[in-house]
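Thanks, everyone. I will go through one chain today, strand by strand where that helps. Please have a look at it first.

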Amino acid sequence: MIEKVRLGDYTLIKTGKLDANASSEDGAYPFFTCSKDALKINSYSYDCECVLVAGNGDLNVKYYKGKFDAYQRTYIVESKDSEKLSVRYLYRFLDGYVEVLRQQAIGGVIKYIKLGNLTDAIIPLPPLYEQERIADLFDEYEVVLTNRQKTMRNLDDLVKSRFVEMFFGNGFPEKRLGDACTKITDGTHKTPNYLDKGITFISAKNIVNGVLDFSDVKYISDEEYEEIQKRCQTEKMDILLSKSGSLGTPAIVKTEDKIGLFESLAVIKYDRLQLLPEFLCEQLKSDEVQRQFRTGTKGVAVKHLHLGVIADTKIAVPPLDVQQEFATFVAQTDKSKHCVKNDLLSCLRRQVLNKSYRR
């Protein structure tokens with residue numbers, strides 16, 4: 001049985017020294033803040049192998065080995081004994097455990113992690129060789145994943161380029177989006193009573209990489225769902241658009257399952273005799289439409305995209321046969337994406353099996 005230990009008993013945890021504004025862009029050493037990206041400074045306070053945990057703001061973690069300095073709210077976590085706890089393994093643990101840290105974070109607009117949230121964390125502690133094996137596996141996964149993600153981005157860029165080539169500056173008639181839709185509305189403005197199971201309830205955070213992601217959803221009762229449906233009747237092939245968070249991000253509904261929506265999502269019920277979903281979804285991502293969204297965005301600290309702005313957005317409306325040509329191209333690209341995803345899963349399975357056989 002793998003021993004589970006308290007993180008504070010096997011690590012040394014320090015905090016950074018510098019103010020967040022102390023960095024410059026022309027230095028030789030990294031300066032870590034709550035941002036994922038490091039700036040540069042001219043001097044350093046630390047020279048070690050460690051895991052850096054952003055104590056507030058983005059609440060992310062990073063592995064680092066070398067000279068650096070850090071913001072006061074950054075936790076610098078080192079192993080007390082490298083023969084008992086591998087820092088590379090510690091990083092992989094904390095990279096997954098950060099979700100727990102986010103849930104434990106306290107504060108108002110800016111959340112922060114208390115030191116006790118780290119020291120009291122319970123970490124599985126297999127033998128050192130097993131820790132290194134796990135770290136090696138994650139390293140190999142990242143290489144494969146990075147390559148596949150690059151391929152996926154290239155395919156997305158290909159679709160974008162094709163859209164621009166077919167529709168940008170080609171003189172197609174324009175309309176207000178609202179005039180090409182039967183309805184544009186948003187989800188409930190009231191926080192429902194969440195259940196352990198029931199009807200799926202989603203918000204803007206469930207649009208991930210241009211598709212609906214149901215891996216992290218909430219559930220509501222049939223009664224609350226029916227009440228929401230009075231406001232926004234979501235159907236298959238409707239387009240959902242984020243009104244907050246990642247503003248103006250669209251996704252096509254590709255399920256017939258019941259879905260309840262929060263106010264951070266707008267549902268665009270376009271006229272299906274004028275527009276195809278693949279074409280409209282890509283146009284909503286275009287620079288011209290996104291510029292119109294940004295111009296009309298309301299709010300200071302938290303930005304919101306209002307329904308009126310969405311309805312007033314100008315879009316091109318080419319003939320359906322031209323839209324269908326583009327939709328066919330998108331379908332072919334989606335098949336390529338599917339193959340890339342399957343290839344990734346097969347590759348990861350092979351690596352796991354190979355590692356298992358070597359044990």
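I start with a single pair: glutamate 3 stands opposite leucine 125 in strand 8. That pair belongs to a ladder in which four bridges join strand 1, residues 3-6, to strand 8, and the two run antiparallel. Strands here are DSSP runs of E with at least two residues, helices are runs of H or I with at least four, and both are numbered from the N terminus. Two strands pair if DSSP finds at least two bridges between them.

A word on the source. This is a predicted model, with pLDDT of at least 70 required for local features and 80 or more for side-chain atom pairs, while totals for chains, interfaces and linings use all residues. Residues are numbered from 1 along each chain as its sequence is written, and side-chain values use heavy atoms, with hydrogens and water left out.

Back to strand 8, residues 122-125. Which of its side chains are buried? Ile123 and Leu125 point to one face and are buried, whereas Ile122 and Pro124 point to the other face and are not. Buried means under 20% relative accessible area, exposed means over 50%, and partly exposed lies in between, with a 1.4 Å probe and protein chains only. In a regular strand the side chains alternate between the two faces of the sheet.

Now the chain as a whole. It has nine helices and 19 strands, and its C-alpha atoms fill a box of roughly 70 × 50 × 50 Å along the principal axes. Of the 359 residues, 44% are buried. Among contacts with a separation of 6 or more, 71% are between residues 24 or more positions apart; contact means heavy atoms within 4.5 Å.

Next, the four-stranded sheet. This sheet is open, with the order 10-18-15-16 and antiparallel pairing. Strand 10, 181-186, and strand 16, 250-252, are the edge strands, each pairing on one side only. From one strand to the next the twist averages 20°. Angles run from 0 to 180 degrees between N-to-C directions, and axes are lines fitted to C-alpha atoms, for helices over the stretch in contact.

Helix 6, residues 277-285, packs on this sheet and touches strand 15 (239-242), strand 16 and strand 18; its direction makes about 170° with that of strand 16. How many of the nine residues of helix 6 are buried? Seven are, so to speak of the helix as mostly covered is fair. The buried residues include Phe279, Leu280 and Leu284, and also Glu282 and Gln283.

At the edge of the sheet, five bridges join strand 10 to strand 18, residues 265-270, and these two run antiparallel. Within strand 18, tyrosine 270 stands opposite cysteine 181.

The other sheet I want to show is three-stranded and open, in the order 14-11-17, with mixed pairing. Strand 14 (218-220) and strand 17 (259-261) each have a single partner strand, so one side of each is left without a neighbour in the sheet. Ignoring direction, neighbouring strands are turned by 45° against each other on average. Strand 11, residues 199-202, runs parallel to strand 17, and three bridges join them. Isoleucine 202 has leucine 261 of strand 17 as its bridge partner. Helix 5, residues 222-229, lies across strand 11, strand 14 and strand 17, at about 65° to strand 17.

Last, one loop residue. Threonine 33 is found between strand 3 (29-32) and strand 4 (39-41). Why does threonine 33 count as buried? Because its relative accessibility is 14%.
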